[in-house]
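Please find below a short set of comments prepared for a colleague with an interest in computed local geometry. The sequence and coordinates are displayed first.

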Amino acid sequence: MAIFLILCAAALSAALSGQPQIRGADLEQRVHHLINNERTNAKVAALEFDDRLSAVARAHSRDMARRRFFSHVNPDGEDPTARGKRAGYECRKVSGHSIREGLAENLYESSGSWRDDVARRSVSGWMKSAGHRHNILEKNYSRTGVGVATSGDMIFITQLFC
């Protein structure tokens with residue numbers, strides 16, 4: 001009963017503030033779905049949703065929300081690849097005679113109204129940016145992870161690619 005009351009109070013609080021509740025897992029899946037739509041439209045194979053990679057992405061989004069920064073490199077100097085390695089996740093891709101190591105990353109930050117489709121706005125923005133678009137449509141990537149965190153009226157989305 002206590003858990004039910006807590007959930008009702010959280011929903012009422014969100015309704016009174018004018019902000020719908022955003023379930024991180026739902027938003028992560030929505031971003032993933034929209035990214036795969038872009039890949040399908042470009043005739044590129046869909047990306048597999050990787051839970052371990054999502055955990056690394058989610059940790060970065062939470063870190064940005066908690067320490068109030070927005071960057072591919074955290075205040076400790078770790079880039080996406082270093083954060084992945086710290087979490088036990090390494091990415092190696094072989095293409096012809098070359099080996100590429102490391103994770104690619106797209107970031108999105110938004111404030112204000114969450115009534116808009118945050119997932120669609122993030123993917124749309126990324127597709128308008130050459131570097132982010134490249135990450136989304138890169139043929140050699142086969143896995144992705146998406147992580148969401150909120151802080152006040154701010155929302156942070158991190159997407160990693162391997």
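The numbered points below address a disulfide, a strand pairing and a single asparagine.

1. The coordinates under discussion are those of a predicted model. The remarks should be read accordingly.

2. The structure contains one disulfide, which links C91 to C162 with an S to S distance of 2.1 Å. The torsion about the S-S bond of C91 and C162 is about 100°, and the disulfide is therefore right-handed. C91 is located in the loop between helix 4 (80–86) and strand 2 (92–95), while C162 belongs to the segment after strand 6 (154–161), so the bond ties together parts that lie 71 residues apart in sequence. Both cysteines, C91 and C162, are buried.

3. Strand 2 pairs with strand 3 (residues 98–101) in the antiparallel sense, over four bridges. The two strands form a hairpin with two residues between them. In the turn, G96 adopts a positive phi of about 65°. Within this pairing, V94 stands opposite I99 of strand 3.

4. N135 is part of helix 6, which spans residues 130–137. Is N135 buried or exposed? Its relative accessibility is 11%, and because buried means under 20%, N135 counts as buried.

5. The surroundings of N135 also merit inspection. Its side chain makes a polar contact with the side chain of N106, at 2.9 Å. Leaving aside residues up to four places away in sequence, N135 touches R39, A104, E105, N106, Y141 and F161. N106 thus appears both as the polar partner of N135 and in its list of contacts.

Key: Residues are numbered from 1 along each chain as its sequence is written. This is a predicted model: local features need pLDDT of at least 70, side-chain atom pairs count only at pLDDT 80 or more; totals for chains, interfaces and linings use all residues. Side-chain values use heavy atoms; hydrogens and water are left out. Buried means under 20% relative accessible area, exposed over 50%, partly exposed in between (1.4 Å probe, protein chains only). A polar contact is a pair of N or O atoms within 3.5 Å; within protein, one must be able to donate a hydrogen and the other to accept it, and residues adjacent in sequence count only if both atoms are side-chain atoms. Contact means heavy atoms within 4.5 Å. A disulfide is a pair of cysteine sulfur atoms within 2.5 Å. Two strands pair if DSSP finds at least two bridges between them.
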